[in-house]
Amino acid sequence: MLNREQTAKKLRDDYDYYGSWGVVAARYGLTKALIYRTALRGYEPKKPRIREVLEMSALVPTPACVKCGDVHTLGDICPTETPVRIIVQKPPRPRHPRLAIRLDDPASAARSIRRHMTGDHIKALLLELSNSL
Ligand SMILES: [Zn+2]
C-alpha cells in the first residue's frame, strides 16, 4: 500500500517514463485531471476504486474529536486533553496484630490477653511460658 506522497511520486515517475499525463492516466484507467492533481497538486483520491487502482489503502470514516475537531489516531492524545496520570496505590502492608499489655499488673495483662487471644492461643502461650521458666 502506498501513502499519498508515495503515490504522487510513482505517478511523476510514470510521467517521466511515458512523457504524457494522458498515457499515464490511460494505463490506470483514470482521468488525466485526476492523475495530474494527484501527482502534482497534493490531491488525495477518496473513491475506493480509484485508491485501489493506485495501490492506496482504503480510507475509513473516523469520528472527529468532540473537543478539537481533529482526528486522533491511536496513541495520539488530544491537545486539549491533559494527560491522565494513573496513580496506583499500593495496598497497605498487612501488620501483625499488636497488643499493649501492662507489665507491672499481671491481672490487667491477663485480661488484655483474654480479650485478644483465642483459648487455643492462650494455651500455647502458657506452654511457651512454662517451658521457659
Ligand atoms: Zn481532540
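With 133 residues, a compact globule would have a radius of gyration near 14 Å, yet the protein chain here comes in at 40 Å. Keep in mind that this is a predicted model. The box that holds the C-alpha atoms tells a similar story: along the principal axes it runs to roughly 110 × 35 × 20 Å. Burial fits into the picture too, with buried residues making up 8% of the 133 in the chain.

What is the chain built from? Its secondary structure amounts to 6 helices and 0 strands, so if you walk along the sequence you just read α-α-α-α-α-α. The domain assignment splits the chain into domain 1, covering 4–53, and domain 2, covering 99–133. Taken over C-alpha atoms, the centres of these two domains are separated by 92 Å. As for contacts with a separation of 6 or more, 27% of them join residues 24 or more positions apart.

Now zoom in on the packing. Which residues form the largest nonpolar core? There are 6 of them: Ala-8, Leu-11, Val-24, Ala-25, Ile-35 and Ala-39. Three helices chip in, and each gives at least two residues to this core: H1 (4–18), H2 (21–28) and H3 (32–40). Val-24 is a good place to stop and look around. Leaving out residues up to four places away in sequence, Val-24 touches Leu-11, Asp-14, Tyr-15, Tyr-18 and Ile-35. Two of those partners, Leu-11 and Ile-35, are listed in the core along with Val-24 itself.

Next, head for the loop between helix H4 (48–53) and helix H5 (106–116), which is where Pro-79 lies. Is Pro-79 buried or exposed? It is exposed, because just 10 other C-beta atoms lie within 10 Å of its own, and a residue counts as exposed at 12 or fewer. Pro-79 does have a chain neighbour worth checking in the viewer: its C-alpha atom and that of Cys-68 are separated by 7.9 Å, with the two positions 11 residues apart along the chain.

Glu-55 sits in the loop between H4 and H5 as well. What catches the eye here is the backbone: phi of Glu-55 is near 60°, a positive value in a residue other than glycine. Glu-55 has 12 other C-beta atoms within 10 Å, and since the cut-off for exposed is 12 or fewer, Glu-55 is exposed.

Notes: Residues numbered from 1 in each chain as written. Predicted model: local features only at pLDDT ≥ 70, side-chain atom pairs only at ≥ 80, totals over all residues. Core = buried A, V, L, I, M, F, W, Y, C linked by C-beta atoms within 7 Å. Buried ≥ 20, exposed ≤ 12 C-beta atoms within 10 Å, placed from the backbone. Helix = DSSP H or I, 4+ residues; strand = E, 2+ residues; numbered from the N terminus. Contact = placed C-beta atoms within 7 Å. Domains from an automatic or database assignment. Rg over C-alpha atoms; globule rule 2.2 N^0.38 Å.
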